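Here's a quick walk through a single-chain model, meant to be read with the structure open beside it. Let's take the fold, then the sheet, then the pocket and the charged pairs.

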Amino acid sequence: MERFAFLIHPISVRKDVARKYPIARYLPEPWVERALTLIPPKMISHITGIRSARGVEAEGWFVGCPLTPRQFLALDVDFVTRRIIRAAQVAQQLGAKIVGLGAYTS
């Protein structure tokens with residue numbers, strides 16, 4: 001079985017972060033973004049049931065890198081790079097052999 005992961009991140013505090021952490025709807029966005037810098041990357045969902053035309057099965061994971069687009073652009077580049085690397089390490093620990101970079105993680 002082939003194994004992969006795809007790194008994702010929230011696009012919006014009000015929509016994406018608040019879906020996972022409802023309290024975020026009531027807090028100022030800068031506070032929520034500060035809190036996101038303290039949350040480590042983690043597995044968001046497990047993807048199963050993939051089969052190629054040749055019958056090869058695959059499974060994978062979405063791994064969340066909890067930074068918003070604004071943070072990817074504004075935070076120290078070394079911090080952001082370390083966070084992306086840590087997300088890829090989570091994917092590797094789950095068994096992923098290849099990792100795709102989504103949106104701002106690329």
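## Fold at a glance

Starting from the N terminus, the elements of the chain come in the order β-α-α-β-β-α-α-β. That gives a secondary structure of four helices and four strands. Keep in mind that this is a predicted model. As for overall dimensions, the C-alpha atoms fill a box of roughly 50 × 30 × 20 Å along the principal axes.

## The sheet

What order do the four strands take in the sheet? They line up as β2-β3-β1-β4, in an open sheet with mixed pairing. At the edges sit β2 (42-51) and β4 (98-101), each with pairing on one side only. On average, neighbouring strands are turned by 20 degrees against each other, ignoring direction.

Two of the strand pairings are worth setting side by side:

| Strand pair | Sense | Bridges | A residue opposite Trp-61 in β3 |
|---|---|---|---|
| β1 (residues 2-8) and β3 (residues 57-64) | parallel | seven | Ala-5 |
| β2 and β3 | antiparallel | seven | His-46 |

So to speak, Trp-61 is a handy landmark if you're scrolling through β3: Ala-5 stands opposite this residue, and His-46 does too. The β2 and β3 strands also make a hairpin, with five residues between them. Look at Gly-55 in that turn, where phi is positive at about 90 degrees.

Now add a helix to the picture. Helix α4 (residues 77-94) lies across β1, β2, β3 and β4. Relative to β3, α4 runs at about 145 degrees.

## The largest pocket

How big is the largest pocket by volume? The figure is about 390 Å³. Its lining is made up of 17 residues, and the closest to the centre are Pro-10, Asp-16, Lys-20, Ile-44 and Gly-64.

Which elements give two or more residues to that lining? Those are α1 (13-20) and β2. Helix α1 provides the largest share, four residues. In terms of chemistry, the lining divides into 11 nonpolar, two polar and four charged residues.

## Charged pairs

Side chains of opposite charge can pair when their charged atoms come close. Counting a side-chain nitrogen of Lys or Arg within 4 Å of a carboxyl oxygen of Asp or Glu, the model has six salt bridges.

One to pull up on screen is the salt bridge between the side chains of Glu-59 and Arg-3, at 2.7 Å from N to O. This pair links distant parts of the chain, as the two residues are 56 apart. Glu-59 belongs to strand β3 and Arg-3 to strand β1. Those are strands we've already met in the table, joined by seven bridges and running parallel.

Technical notes. Residues are numbered from 1 along each chain as its sequence is written. This is a predicted model: local features need pLDDT of at least 70, side-chain atom pairs count only at pLDDT 80 or more; totals for chains, interfaces and linings use all residues. Side-chain values use heavy atoms; hydrogens and water are left out. Two strands pair if DSSP finds at least two bridges between them. Axes are lines fitted to C-alpha atoms, for helices over the stretch in contact, and angles run from 0 to 180 degrees between N-to-C directions. Contact means heavy atoms within 4.5 Å. On a 1 Å grid over the protein atoms alone, a cavity is a set of points where a 1.4 Å probe fits but cannot get out, and a pocket is an open set with protein on both sides within 12 Å along at least five of seven lines; lining residues have an atom within 4 Å of a point. Grid points are joined across faces, edges and corners, and a volume is the space filled by probe spheres set on the points. Ala, Val, Leu, Ile, Met, Phe, Trp, Tyr, Cys and Pro count as nonpolar, Asp, Glu, Lys and Arg as charged, and the others, Gly among them, as polar.
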